[in-house]
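Q: Hey, got a minute to go over the ligand site and the empty spaces in this one? Here it is.

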Amino acid sequence: MVNIAVLGYGTVGSGVVEVINTNHSHINKRAGEEINIKYVLDIREFPGDPVENILVHDYNTILEDDEVSVVVEVMGGIEPAYTFVKQAIERGKSVCTSNKELVAKYGAELLADAKEKNVNFLFEASVGGGIPIIRPINQSLTVDHIDLISGILNGTTNYILTKMETLGLAFESVLKEAQEKGYAERNPEADVEGYDACRKIAILASLVYGKQVDYEKIYTEGITKITRDDFIYAKALGTSIKLLGTSKQIDGKVYAIVAPFMIDESHPLYSISGVYNGILLHGDMLDNVMFYGRGAGKLPTASAVVSDVVDAVKHRDTNIMTIWSAEKKKLGDIEDFSCAYFVRVKGSNMEEAVEQAFGSVKFVKADENLSSETAFVTGVMKEKEFKEKIKGFDLITRIRMA
Ligand code: HSE
């Protein structure tokens, strides 16, 4: 029997308990041993809940119990999660976590600690919720040079953008509805400003390149400036607008960016709607490969966490090699990132001025209510070139195209 402890009895923590209880015999068969939840740690009481008898409030009870060999950290945030995880590994316990903030910031360090102690630090649920993506990158996609990772990595923003697109609603009203339904957090900043997607693409890029990609270095734009009118143009162009977290290798340099992109229906991520996530990778041998599923939610996320527990049990006394060193991966300057742009500038009949600045472009006519502006799609150019050419125009918005 393997004893585990679950740190945090919130949405994911209670999901972990539910997944283990519901699929108990199936999971035990896969793990090769019976998995027993010996403790649940939380500061709160849960009277009448099945975990009442195994609930503890002092982490030292878990830390000092040598019978606990796997710790599941699903509290979120940096502290006390970082200290608890560090101490658990130090005591020779494997750790499975869904905590993307922790993994993005301390992944390299905690992996090195786990290697030294011959245990495992596993984090499948930190990106893409229930979608297997960490293990495939680490254990399946080992042959290719991955030159592109591009994903819809945040379910909340994809839900908001999908509703804006399909119902013609404004950002604020969809956000409000999403908050009322509990899909979006009361404080939605991490999702709508792209910070959550930024941490996730940092984790994926770190794994792909085997070096630390600092999320602070990733250019990040959220979806708060996307309007109903942008979707009217998107429809006229046969495109959709998605918040993409992308890491792309161009001419030997790696660029990482989180921003809304217009993508057309030939793009593999075009049809990823609602709360779903999709992650596209391109390898030099493999070509495209895509992962799709529920990127959030209690049971899908818990399913990924418990899959890590099974892996930890199967690899007791064996460190699963994961290449992610603390050495920093140098990123290309975002000013040199190239793409085409969808652009809206104030003023009708700006065609001549636009072509003088941008050369040949594709003009877009969408709606007679938008006749006081000029919209167009540029050719592919660097960010710095775009900034230079747009000087002198009264810019309403610009959306990159992928
Ligand atoms: N807030 C995140 C999302 C939760 O909406 O995708 C999963 O990381």
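**Ligand, pocket, cavity**

A: Sure. To start with the ligand, one of its oxygen atoms is 2.5 Å from an N or O atom in the side chain of Thr-156. Keep in mind that this is a predicted model.

Q: OK, and how much of the ligand does the protein bury?

A: The protein buries 81% of the 260 Å² that the ligand exposes when taken alone.

Q: What about Lys-100, how far is its side chain from a ligand oxygen?

A: An N or O atom in the Lys-100 side chain is 2.7 Å from an oxygen atom of the ligand. For Asn-154, the distance from a side-chain N or O atom to a ligand oxygen is 3.5 Å.

Q: Which residues surround the ligand?

A: Going along the chain, you get Lys-100, Asn-154, Gly-155, Thr-156, Asp-191, Asp-196, Lys-200, Gly-295 and Ala-296. By class, that shell has four charged, four polar and one nonpolar residue.

Q: Which helices supply at least two residues of that shell?

A: Both α7 (155-167) and α10 (195-209) do.

Q: And where does the ligand sit?

A: In the largest pocket.

Q: What volume does the largest pocket have?

A: About 1,200 Å³. It is lined by 39 residues, and the closest to its centre are Val-12, Lys-100, Glu-185, Ala-296 and Gly-297. Two of those names should ring a bell: Lys-100 and Ala-296 are also among the residues around the ligand.

Q: Which elements give two or more residues to the lining of the largest pocket?

A: That list is α1 (11-22), α5 (100-117), α7, α9 (189-192), α10 and α12 (298-314). The most comes from α10, with four residues.

Q: How do the lining residues of the largest pocket divide by class?

A: You have 18 polar, 11 nonpolar and 10 charged.

Q: Switching to closed spaces: how many cavities of 30 Å³ or more are there?

A: The count comes to one, with about 110 Å³ of space in it.

Q: Which residues lie nearest the centre of the largest cavity?

A: Leu-122, Ile-134, Arg-135, Asn-138 and Thr-322, out of 13 that line it. The elements giving two or more residues to that lining are β6 (121-122), α6 (134-140) and α12.

Q: And which element gives the most to the lining of the largest cavity?

A: α6, with four residues. By class, the cavity lining has six nonpolar, four charged and three polar residues.

Q: Now the backbone. Where's the cis peptide bond?

A: It joins Glu-79 and Pro-80, with omega at about 5°. Pro-80 lies in the loop between β4 (68-73) and α4 (81-90).

Q: What's the phi of Asn-118?

A: Near 60°, so a positive value in a residue other than glycine. Asn-118 lies in the loop between α5 and β6.

Q: Why flag those two spots?

A: Because most peptide bonds are trans, and most residues other than glycine have a negative phi.

Technical notes. Residues numbered from 1 in each chain as written. Predicted model: local features only at pLDDT ≥ 70, side-chain atom pairs only at ≥ 80, totals over all residues. Heavy atoms only, no water. Near = heavy atom within 4 Å. Polar contact = N/O pair within 3.5 Å; in protein donor to acceptor, adjacent residues only side chain to side chain. Areas by Shrake-Rupley, 256 points an atom, 1.4 Å probe, with all protein chains shown as cover. 1 Å grid on protein atoms, 1.4 Å probe; cavity = no way out; pocket = protein on both sides within 12 Å on 5 of 7 lines; lining within 4 Å. Sits in = over half its atoms within 2 Å of the grid points. Nonpolar A, V, L, I, M, F, W, Y, C, P; charged D, E, K, R; others polar. Points joined across faces, edges and corners; volume = space filled by probe spheres on them.
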